[in-house]
Amino acid sequence: MDIPKVLLPKDLTQPTYTGAFISVCCCVFMLFLFLSELTGFIATEIVNELYVDDPDKDSGGKIDVSLNISLPNLHCDLVGLDIQDEMGRHEVGHIDNSMKVPLNNGHGCRFEGEFSINKVPGNFHVSTHSATAQPQSPDMTHIIHKLAFGEKLQVQHVQGAFNALGGANRLQSNALASHDYILKIVPTVYEDLGGKQRFSYQYTVANKEYVAYSHTGRIIPAIWFRYDLSPITVRYTERRQPFYRFITTICAIIGGTFTVAGIIDSCIFTASEAWKKIQIGKMS
C-alpha cells in the first residue's frame, strides 16, 4: 500500500532572505521579552493597603519615640523633657535613656532621648519646666534632627513620612516664642517575603508659633509636640510573582511570537509569489 505524501506549503519549506530576517527579529524580540519577564519575576513587588485596626497589639499600648533636637542658645542645665497624656500621665524632667550634649562652648544643648508614650492623645514637650531656677528669657530657637515613632523602617521603594520633622529649622524664629507641632500618627506595618512584620509609624505635622505668658505675666516658651493616633493603618507587603505565572507568560511569548511571525512570513511569501507570476505573465 502506498503511503500518501503530505505536501507542505512552499512558505514553510522554501528558504528565503525575508524568512531569515523575520526569524532573527523574532529571536531578538523573544529574548527581550524573556529578560523583561525574568527581571519582573526576580524583583519583589510592594503592595500597600489601608485598614482599620491596631496592628501591634503586643506592644502593651505603648509607642517608642526617638527625639534628637538642638537648642543652640539654651544651657543644658535648663533643658528638660516633659510627658503627659489623657491617661493621667504627667512626667516632668524625663531623664531615662536621654543624653544632653553641650553646644557652642556650653551655651547651647543637643537633647537626644528615647522614651515611650501611651496610645492615647497627649503631648511631650521640651522646656525649662524641670529646671531648679527659671531663666529670665529662655531662647527656644531650635533644629529638629529626628523625631520618629516605632521601629526604624528603611526599605527601598517605600517612601513615607517616618521622620517628617527631620531637618526642621527654627533658628530664625522669635527667641521667646513657643512652638506647637500638631502630629497625626499613622500606624504602619511592613511584612517581608518571609512573613516577618515590622511595626513603625508615619505622621503628618502642622505647626504654629506664638508667645505664651504664665499667670505671673512671665514668658515661658516651650516646644510642644501634641499627638493623636489615626485609626487607619497603612500596610506594606512584599510579594513575588508566582512561578506558574512566569512559565505561562514565557510560553505565551514564545507561541504568540512564532504565530505572528508565521503569519507575516506567509503573507510576504504569498505576495512575493503573486508578484513573480504577474511579472512572468507580462514577459510572455
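**Exercise 1. A charged pair between strands**

Which side chain meets Asp 180 in a salt bridge? Find the partner, then place both residues in the fold.

*Solution.*
Step 1. Note that this is a predicted model.
Step 2. Recall the principle: side chains of opposite charge can pair when their charged atoms come close.
Step 3. Look at the side chain of Asp 180. It meets that of Arg 226 in a salt bridge, at 2.7 Å from N to O.
Step 4. Place the pair. Asp 180 sits in strand E10 and Arg 226 in strand E12 (residues 223-229), so the bridge ties together parts that are 46 residues apart in sequence.
Step 5. Check the cover. Asp 180 has a relative accessible area of 4% and is buried. Arg 226 has 30% relative accessibility and counts as partly exposed.

**Exercise 2. More salt bridges**

How many salt bridges does the structure hold? Describe some of them.

*Solution.*
Step 1. The count for the structure is six salt bridges.
Step 2. Take Asp 228 and Lys 184. Their side chains form a salt bridge of 3.6 Å, N to O. This pair links distant parts of the chain: Asp 228 belongs to strand E12 and Lys 184 to strand E10, 44 residues apart.
Step 3. Check the cover of this pair. Asp 228 is partly exposed at 29% relative accessible area. Lys 184 is partly exposed too, at 35%.
Step 4. Look for shared partners. Glu 49, Glu 191 and Arg 235 are joined into one network by salt bridges that share partners.
Step 5. Add the pair Arg 89 and Glu 91. Their side chains meet in a salt bridge at 3.1 Å, N to O. Glu 91 counts as partly exposed, with 26% relative accessibility.

**Exercise 3. Cysteines, bonded and free**

Which cysteines form a disulfide? Test other cysteines against the distance rule.

*Solution.*
Step 1. Recall that a disulfide is a covalent bond between the sulfur atoms of two cysteines.
Step 2. Set the cut-off: the two sulfur atoms must lie within 2.5 Å.
Step 3. Test Cys 76 and Cys 109. Their sulfur atoms are 2.3 Å apart, and the two form a disulfide. The count by this rule is one disulfide.
Step 4. Describe the link of Cys 76 and Cys 109. It is right-handed, with 100 degrees about the S-S bond.
Step 5. Locate its ends. Cys 76 is in the loop between strand E2 (62-71) and strand E3 (80-85), and Cys 109 is in strand E6 (residues 108-118), so the pair ties together parts that are 33 residues apart in sequence. Both Cys 76 and Cys 109 are buried.
Step 6. Test Cys 25. The closest cysteine sulfur is in Cys 26, 7.1 Å away, which is too far for a bond. Cys 25 is partly exposed, with 35% relative accessible area.
Step 7. Test Cys 251. This residue is in no disulfide, and the nearest cysteine sulfur, that of Cys 27, is 16 Å away. Cys 251 counts as exposed at 51% relative accessibility.

**Exercise 4. Residues in strands**

Is Thr 188 buried or exposed? Do the same for Phe 149 and Asn 68, and list some contacts.

*Solution.*
Step 1. Set the cut-off: buried means under 20% relative accessible area.
Step 2. Take Thr 188, in strand E10 (residues 178-191). Its relative accessibility is 0%, so Thr 188 counts as buried.
Step 3. Find its polar partner. The side chains of Thr 188 and Gln 202 are joined by a polar contact of 3.3 Å. Beyond its sequence neighbours within four places, Thr 188 is in contact with residues including Leu 153, Phe 162, Val 234 and Tyr 236.
Step 4. Take Phe 149, in strand E8 (residues 143-150). With 1% relative accessible area, Phe 149 is buried. Leaving out residues up to four places away in sequence, Phe 149 touches Ile 63, Phe 124 and Leu 183, among others. The C-alpha atoms of Phe 149 and Ser 116 are separated by 9.0 Å, with their positions 33 residues apart along the chain.
Step 5. Take Asn 68, in strand E2. At 18% relative accessibility, Asn 68 counts as buried. Residues up to four places away aside, those touched by Asn 68 include Arg 110, Glu 112 and His 145.

**Exercise 5. A surface patch**

Which residues form a nonpolar patch on the surface?

*Solution.*
Step 1. The patch is formed by Leu 31, Phe 34 and Leu 35, with about 270 Å² of accessible area together.
Step 2. Place Phe 34: it lies in helix H2 (residues 17-42).
Step 3. Check its cover. Phe 34 is partly exposed, at 33% relative accessible area.

Conventions
Residues numbered from 1 in each chain as written. Predicted model: local features only at pLDDT ≥ 70, side-chain atom pairs only at ≥ 80, totals over all residues. Heavy atoms only, no water. Helix = DSSP H or I, 4+ residues; strand = E, 2+ residues; numbered from the N terminus. Buried < 20%, exposed > 50% of the residue type's maximum accessible area, 1.4 Å probe, protein only. Polar contact = N/O pair within 3.5 Å; in protein donor to acceptor, adjacent residues only side chain to side chain. Contact = heavy atoms within 4.5 Å. Patch = residues over 30% accessible without salt bridge, like charges linked within 9 Å, V, L, I, M, F, W, Y side chains within 5 Å. Areas by Shrake-Rupley, 256 points an atom, 1.4 Å probe, with all protein chains shown as cover. Salt bridge = Lys/Arg side-chain N within 4 Å of Asp/Glu carboxyl O.
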